[in-house]
Amino acid sequence: MHIPDGFLDLWVAGAFWLGSGVIIGIAVRRAKGELGNERTPLLGVVAAGIFAAQMLNWPIPGGTSAHFVGGAFAGILLGPYLGVLAMTAVVTIQALVFGDGGIVALGGNLFAMAVVDVFVGYGLFRASRRFHETGAAFVAGWGAITVSALVVGLGVGLSSAFAYEVGVTVPIMVVGHALLGLIEGAITAAVYGYVADARPDLVLGRFSDDALAPEVGL
Amino acid sequence: MNTVSTASWMRRALLFVLALVILAPAFGWASGAVGYAEPLENAAEATGAADAASAINPGLLPDYSVLGLAPPLGTLVSAVVGTSLTLAVALGLGRLLEL
């Protein structure tokens, strides 16, 4: 999913930087005042957990592998704005320290994994949780990563390195990640189910006022 | 606000994250064994873009490896460094935004 440098035309990379910059800026403003004693450690732990989980490449016989991306999970657990901040920390550190994803392409990677994956996952969860909560987490994880893959497919497909073959890049990305996304959905649902059982007050994305849960101790 | 309960779930959550970190080298080996390729790489192959990838910034620990360390150990060090750094950055960002 991480786009390296050299794949995106400058105008595409610039558009991604603009889009992700605007949304991350909004997220920073909305997060101010929403962080409290429990929420700040939660932000740190969720971000760290997603970084570690992304390092676990699940081998799939036949020559592919998938790793958990976690944007939908962050959106559900932290609410969309803190979710964007957690994923921004993860994706930026991956690019700067580990060269995983490019520097020019960082805007694209942030837009796909820290914006689209978070907001689509959060939206799908909120829309479907009335039917089945854990099932909604699965749909959120699966659907959001598939839409993120569509965005990456469009971005590279509109670039000269990929010969402007949007008709090739989008199907490969969407079909590939729709299949791999089943693992994303399963992990999202499993961890969500555990946290929601153990500490429902920590699942900020469940609450109707977008990102705010009441401050609750035991 | 109950700091005792916060410490309790923090400790459990961090233990879970530590377990993920320890597992990283095994997963790294296994994905290498099946011939790691993601859909983006397949799309690049299909359109002739594979050679266009460049590394402007390889990073201090390129591709989650450490110069001079064998892959399993390099992956483990990368997982520890990356996870700790992400925890610190996200916590620091959160604290800043509390102000």
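In this predicted model, helix H3 of chain A is a good place to start, with Gly71(A), Ala72(A), Phe73(A), Ala74(A), Gly75(A), Ile76(A), Leu77(A) and Leu78(A) buried. These are eight of the eight residues of H3(A), so the helix is largely enclosed by the rest of the structure. The cover over the buried residues of H3(A) includes helix H2 (39-54), helix H4 (80-98), H5, H6 and H7 of chain A. Just after H3(A) comes Gly79(A), a residue with a positive phi, near 85 degrees.

One of the helices that cover H3(A) is H7(A), and the packing of this pair can be described in some detail. Two packed helices are described by the angle between their axes and the distance between the axes. For H3 (residues 71-78) and H7 (residues 166-198) of chain A, the angle is about 20 degrees and the axes are 10 Å apart. Angles under 35 degrees count as roughly parallel, and H3(A) and H7(A) are therefore roughly parallel to each other. Their crossing is right-handed. On the H3(A) side, the contact is made by Ala72(A), Phe73(A), Ile76(A) and Leu77(A), which meet Thr188(A), Val191(A), Tyr192(A) and Val195(A) of H7(A). By residue class, this contact between H3(A) and H7(A) has seven nonpolar residues, one polar residue and no charged ones.

Helix H7 of chain A also holds Tyr194(A). Is this residue buried or exposed? Tyr194(A) has 12 C-beta neighbours inside 10 Å, and because a residue with 12 or fewer is classed as exposed, Tyr194(A) counts as exposed. Tyr194(A) also comes into proximity with a residue from another part of the sequence: Thr134(A) is 60 residues away along the chain, yet the two C-alpha atoms are 9.7 Å apart in space.

A second helix pair in chain A is formed by H5 (residues 106-128) and H6 (residues 133-157), which pack at an angle of about 145 degrees with their axes 8 Å apart. The crossing of H5(A) and H6(A) is right-handed. The residues in the contact of H5(A) with H6(A) comprise 16 nonpolar, seven polar and one charged.

Turning to chain B, the secondary structure consists of three helices and zero strands. Along the sequence, the pattern of chain B reads α-α-α. The radius of gyration of chain B is 18 Å, well over the 13 Å that the globule rule gives for 99 residues, so chain B is more spread out than a compact globule. The C-alpha trace of chain B spans about 55 × 30 × 25 Å along its principal axes. Of the 99 residues in chain B, 32% count as buried.

The two chains meet at an interface where 60 residues of chain B are in contact with 64 residues of chain A. On the side of chain B that touches chain A, helix H1 (3-33), helix H2 (39-47) and helix H3 (71-98) of chain B each supply at least two residues. Which helix gives the largest share of this side of chain B? That is H1(B), with 17 residues. The makeup of the side of chain B that touches chain A is 39 nonpolar, 17 polar and four charged residues.

Definitions and conventions:
Residues numbered from 1 in each chain as written. Chains lettered and ligands numbered in written order. Predicted model: local features only at pLDDT ≥ 70, side-chain atom pairs only at ≥ 80, totals over all residues. Axes fitted to C-alpha atoms, helices over the stretch in contact; angles between N-to-C directions. Helix = DSSP H or I, 4+ residues; strand = E, 2+ residues; numbered from the N terminus. Parallel < 35°, antiparallel > 145°, perpendicular 65-115°, else oblique. Left-handed = near helix turned anticlockwise from the far one by under 90°. Contact = placed C-beta atoms within 7 Å. Nonpolar A, V, L, I, M, F, W, Y, C, P; charged D, E, K, R; others polar. Rg over C-alpha atoms; globule rule 2.2 N^0.38 Å. Buried ≥ 20, exposed ≤ 12 C-beta atoms within 10 Å, placed from the backbone.
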